[in-house]
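Here is a quick walk through this model, starting at the ligand and working outwards. Keep the structure open while you read.

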Amino acid sequence: MAKAVDCAAVRDRVRRVHVVGAGLAGLATAVALAGQGVAATLYEAGPAAGGRCRSYFDRALGCRIDNGNHLLLSGNQAAMTYLDTIGARATLGGPDVPCFPFIDLATGERWTVAPDLGLVPWWMFRRSRRVPGTRLRDYFSLLALRRAGADMTVAEALDSNGTLYKRLLEPLAVAALNTPPDAALARLLCAVVDQTLLKGGRACIPRFPREGLSESFIDPAVAWLEARGGRLRTGCRVAALQQEAKRVTALGTADGAMPVGPDEAVVMAAPPWVAATLVPGLLAPDEFQAIVNLHFRTDAEPGEAGFIGVLGGTAEWIFVKENIVSVTISAANRIVDLPAEDLAGRVWPDVRAALLLGDAMPPMRVVKERRATFAATAAQERRRPGPRWPAETGGAHNLVLAGDWTNTGLPGTIEGAINSGYAAAAAILAGA
Ligand SMILES: Cc1cc2nc3c(=O)[nH]c(=O)nc-3n(C[C@H](O)[C@H](O)[C@H](O)COP(=O)(O)OP(=O)(O)OC[C@H]3O[C@@H](n4cnc5c(N)ncnc54)[C@H](O)[C@@H]3O)c2cc1C
């Protein structure tokens, strides 16, 4: 979060901030600025705020769904600070203790990885709490992530033939990095593991919205901002940034030019493929991985955690909420072009087996997010800019960048997006 500053001095220097894109990065920027007395106007191309983290009513299913399951861990500090600020932490649910249930569809085995709450990982010493077939020493392989070379992949850094890898580390890496492990950067996984697994069980408690993504992360933020002078303009696509003397002076929209005053700043918080067209010369990630989600309108027992990891099938993670079972498949470029019916035909048997449901497939919806996150590879990592893009190479003195794709040190995640918003706010407060 942006450090406390002399609010009156900042308000004199920065009257208002214009934020392009009301996803989590744009909202977090606006929240951090509002905390310092600087109001923001958010311009959002879509019909509602939220971007890649949103809920909406699905007519075919007759209920609200999320664009995809989103899992946080209690160690995601920026996300928790953001939720505390907007008063929405209590909207998260999940088990009270760290617990990750799995099923291997090939063998029918079920197990739960259950780290202790404390810092010392005693659970690794207890066979009943470990992944079946693993030994204590396998768990020390996690430390190899810290020694990984700059461009080393997850599969190179870890023992990719070991049982621990196949049954825990690979599924976690694919979910966190949304990139196949033989291409995904080990140091990005290390950043995630450092914040969570290696901090002890208290940092590994799974959290997810009880109701929906928008009800937890988006709507409370918009209400909080509006109560502090913030404005959200939905259905307002920014098509150009007009510049004079290396300053952005107006945002071009279908409703006309929105002037940007001499004491105002602009935050580009649109996705990288949009930012790269609006900021001349901007180097940004240009390779992406899909995430496919399937929602089935049915009741099921939520089990001990409300979700289960699946090995040996097409489904990877299954989340159970009231009346709806939702399946996530990450790093999904390999299957994203399959027709929805084919995907459902492959995934429903996995769901049935994991949740012990009957034969008939209930009403379903397939949601394909083709550019869910940037591919977490070495080549893409080199294309991630910091919050400032130099005026000499197409940026502007009053322009700052935000988004999960900026150089946060994390993969494309909620935590990364919110951190990027905080970094953008700090850059503005420090002198845009
Ligand atoms: C299916 C799926 C599952 C995921 N699961 C997880 C998970 O389990 N855990 C996790 O931590 N993360 C997860 N993520 C990643 C997380 O959702 C993203 O990292 C985060 O939402 C990105 O936020 P952002 O603000 O950087 O970008 P975005 O959400 O893309 O926000 C950018 C906004 O800019 C708007 N915009 C675009 N062009 C313009 C324009 N010209 N003018 C104005 N506005 C514009 C867009 O409409 C959008 O609202 C998942 C993502 C997906 C898609």
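## Around the ligand

In this predicted model, 37 residues sit around the ligand, and the ones that come nearest are Gly 21, Gly 23, Gly 51, Gly 68 and Thr 413. Four elements each give two or more residues to that shell: helices and strands α2 (24-34), β15, β19 and α13 (414-429). Of these, α13 supplies the largest share, with four residues. What about the shell by class? It's made up of 17 nonpolar, 14 polar and six charged residues.

## The seven-stranded sheet

Two of those ligand-shell elements, β15 and β19, also belong to an open sheet of seven strands. Reading across, the order is β8-β7-β16-β17-β18-β15-β19, and the pairing is mixed. At the edges you'll find β8 (110-113) and β19 (364-374), each of which pairs on one side only. From one strand to the next, the twist averages 25°.

Look at the β19 end: β15 (residues 288-296) pairs with β19 in the antiparallel sense, over eight bridges. If you want a spot to zoom in on, Asn 293 stands opposite Val 367 in β19.

Two helices pack on this sheet, α7 and α11. Here they are side by side:

| Helix | Residues | Strands touched | Angle between directions |
|---|---|---|---|
| α7 | 163-177 | β7 (100-104), β8, β16 (307-311), β17 (317-321) | about 110° with β16 |
| α11 | 340-355 | β7, β15, β16, β17, β18 (324-329), β19 | about 65° with β15 |

So which strands does α11 touch? Its list includes both β15 and β19, the antiparallel pair described above. Helix α7, for its part, touches the edge strand β8.

## Domains

The chain is divided into domain 1, built from 7-53 + 213-286 + 378-429, and domain 2, which covers 100-204. How far apart are the C-alpha centres of domain 1 and domain 2? They lie 34 Å apart. Where the two meet, domain 1 puts in six residues and domain 2 puts in eight residues. On the domain 1 side of that contact, there are three nonpolar residues, two polar and one charged.

## The whole chain

Stepping back, the protein chain has 13 helices and 20 strands. Its radius of gyration is 22 Å, close to the 22 Å that the globule rule gives for 432 residues, so the chain is as compact as a globular protein of that length. Taken along the principal axes, the C-alpha atoms fill a box of roughly 65 × 50 × 35 Å.

Conventions
Residues are numbered from 1 along each chain as its sequence is written. This is a predicted model: local features need pLDDT of at least 70, side-chain atom pairs count only at pLDDT 80 or more; totals for chains, interfaces and linings use all residues. Two strands pair if DSSP finds at least two bridges between them. Axes are lines fitted to C-alpha atoms, for helices over the stretch in contact, and angles run from 0 to 180 degrees between N-to-C directions. Two residues are in contact if their C-beta atoms, placed from the backbone, lie within 7 Å. A residue is near a molecule or strand if its C-beta atom, placed from the backbone, lies within 6 Å of it. Ala, Val, Leu, Ile, Met, Phe, Trp, Tyr, Cys and Pro count as nonpolar, Asp, Glu, Lys and Arg as charged, and the others, Gly among them, as polar. Domain bounds come from an automatic or database domain assignment. The radius of gyration is taken over C-alpha atoms; the globule rule is 2.2 Å times the number of residues to the power 0.38.
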